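User: I have a protein model open and would like to work through it step by step. Can we take it as questions and answers?

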Amino acid sequence: MRTNVFRQSLDRVRNLGILAHVDAGKTTVTERMLFLTGMTHKTGEVHDGTTVTDFDPQERERGITIFAAAVACEWNDHRFTVIDTPGHVDFSDEVERSLRVLDGAVAVFDAVAGVEPQSESVWRRADRYGVPRIAFVNKMDRVGADFTAAVDSIRDRLHPLALPVQLPIGAEDGFTGVVDLVRMRALTWPARTVVAGPIPDELAEAARKARFALEEAVAEQHSGALEEFYARSGLSDATLVRALRELTLTGAVVAVLCGAAYRDIGVEPLLDAVVDYLPSPLDRPPVRGDGFELAADPAEPLAALVFKVQATGTGRLTFVRVYAGTLRKGMQVRDAGTGRIERIGRILLVQADRHEELQEAVAGRIVAVIGPKQARAGATLCAPDATVLLEPPTITEPVVSVAVEARTNAETERLATALARMAEEDPSLVVRTDPESGQTLLSGVGELHLEVAVEKIRRDRGIEVAVGRPQVAYRETVLRGVSGFRYRYAKQNGGQGQFADLVIDVEPIHVDAEKVDAAGGFEFRSTVVGGRVPAEYVRAVEAGCRDALSDGPLGGHQVLGVRVTLTDGSTHPVDSSERSFRLGGRAALREALRASEMALLEPLVELTVTAPEESVGAVLGDIAARRGRVLDSVTRGSTVVVTATAPLAEVFGYVTRLRSRTQGRGTFTSRPLGYDRAPAR
């Protein structure tokens, strides 16, 4: 009986994220959701710095979301956990970790710009985790807003079957509401409160055609709806909602709504759509791993994933998604990755920067806990006697580094502690020591990412930090390898020695070695026959080769895009061991890379520059001077949007130059685009 009651309550849970490109209105949408659900009694505004989810001082000063923030609210007897995610590319790791634990998402698009670079980036990340989505075309009241063009850009650039379930009433300043194509009614907001009524006569025919097109598209994708469509020459409202939900859960379609959140238009039907179309935890597949499968059930063994760690004035908050079992206050849990036993001191329902204490959290809930001392993002918390290991989120690779040091010797140790804690909170920040200069290097996803991190240390820790010039993370790759490269590793220092005899081939993975993607990585294979190198030694050779990739011959950079084949070798009856073959494999590949033709790779970014039409010539000239390559140029009213690629190293400080070229009216965004060959130096 308790399980049935639990399933009924869990069916009314929605764990969703709000995803968007920066400035698409994502945080404003979230604020209106919180106000309408009664979680807040006054709508916060981004420009006033009064929003609930952007509570960090830097977020309020910069007017952008930097840290993913979770809030809980209720709508139509359904419990929502909403995570407002950053829209800036430099904070994409926050989006990645949030998507790993979400059941569904609302993708917000600007009605003027349509799909923008970061919209595309977060969409692909959601694809990777199989997160069902609905779309909300926001800012329909802006000059140049075009709902049809926005939907077309979703179809063309993101490639889902995007199905409008609404039509706008009016446009730009005259935008007053929407036509609900599912229930065939008009929704308007004459006093910022929704009023339902009949569809205006001038839109009746367009609405009828759009409803039929919606029914037809759904029937083509859904077998149950197809039968009713042919039997009745249409679909009932209930069948349409049910079919849209089932197709959304499978990712076959994306329902598209529209509105103007700043003017409170369209948010109530968006909340209804979250209930109608997005999944509950019961609709998501069970969590699976090596030898286990766990459903969202409080009676199952505990399985919870840590997706965020945050240091606060009251202690260390560890944010977790409970996938199975029940997490209780005071219980002991095991960190499956390290084996460490941690104690759950408190369980908190998170409301951005405020918290409500709970006694337990059952499967399907997203909560914060106080107690674990060393659990990091990506860790699995499970019962001590039933170890399960969940797949962690992917960590975004750092591409920019700066040297940091305390201005006084007295603060050096405090800075080291602060950097270590910051890297613990944000896995995409990496702290290391340069072996040549001895400087402390802080690496991150972009300039703004590092700027925010350093400012956080200054404000939160009161440490004055000196920061060096940004440096990009170069890589190396093989253009032309070597075949039959023989290397003999022999050490004799008294007693048992070390011996490994190896023959390897080295070649580039990609046929087109002019351009190597960051994910090109490394491949290893063995063609040794006759047992000349035992299997356990082959594995050791592979491990040694992986060790060698961290230090390329051109400049000590990581090596990408290389395949190593072990073709032959020999052993010594006494001196050979796994250790000797690992050391031999590392030394062999290092020497083979020195004998190969190598190339230096530099990170690329895609720039999307918006500038006044009269400044386009200066902007294009500046892009060319930065070794950029223009891909596209589109005129939108009196502005031009230029898409180009450029080396990341050439983009540092670009915002200042762009403003000077456009009298302060130009803006740009960027996103990582892999690696390409750097010019000879």
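User: Which residue follows helix α5, and what is the sign of its phi?

Analyst: This is a predicted model. Just after α5 comes a glycine with a phi near 65°. That sign is positive, and the residue is Gly-130.

User: What distance separates the end C-alpha atoms of α5, and what span should its residues give?

Analyst: Helix α5 covers residues 117-129, which is 13 residues. At 1.5 Å a residue, the helix should span 18 Å. The expected span agrees with the distance in the model, which is 19 Å.

User: How many residues of α5 are buried?

Analyst: Buried means under 20% relative accessible area. Among the residues of α5 that pass are Trp-123, Arg-125 and Tyr-129. Pro-117 and Gln-118 are also on the list. The helix is largely enclosed by the rest of the structure, because the buried count out of 13 is 10.

User: Is strand β3 largely enclosed or open?

Analyst: Strand β3 runs over residues 78-84. Six of its seven residues are buried. So the rest of the structure leaves β3 largely enclosed.

User: In what sense does β3 pair with β1, and which residue of β3 stands opposite Val-13?

Analyst: Strand β1 covers residues 13-20 and shares six bridges with β3. The sense of this pairing is parallel. Opposite Val-13 in β3 stands Arg-79.

User: In what sense does β3 pair with β2, and which residue is the bridge partner of Cys-73?

Analyst: Strand β2, residues 69-75, joins β3 over seven bridges. Here the sense is antiparallel. The partner of Cys-73 in β3 is Phe-80.

User: What do β2 and β3 form, and which residue in the turn has a positive phi?

Analyst: Two residues lie between the strands, and together β2 and β3 form a hairpin. One turn residue has a phi of about 50°. That residue is Asn-76.

User: What is the radius of gyration of the protein, and what would a compact globule have?

Analyst: The protein has 681 residues. A compact globule of that length would have a radius near 26 Å. The model agrees with this, at 28 Å.

User: What share of the contacts with a separation of 6 or more joins residues 24 or more positions apart?

Analyst: The protein holds 16 helices and 38 strands. Of its residues, 55% count as buried. Among contacts with a separation of 6 or more, the share from residues 24 or more positions apart is 72%.

Note on methods
Residues are numbered from 1 along each chain as its sequence is written. This is a predicted model: local features need pLDDT of at least 70, side-chain atom pairs count only at pLDDT 80 or more; totals for chains, interfaces and linings use all residues. Side-chain values use heavy atoms; hydrogens and water are left out. Buried means under 20% relative accessible area, exposed over 50%, partly exposed in between (1.4 Å probe, protein chains only). Helices (H or I, at least four residues) and strands (E, at least two) are DSSP runs, numbered from the N terminus. Two strands pair if DSSP finds at least two bridges between them. The expected span of a helix is 1.5 Å times one less than its number of residues. The radius of gyration is taken over C-alpha atoms; the globule rule is 2.2 Å times the number of residues to the power 0.38. Contact means heavy atoms within 4.5 Å.
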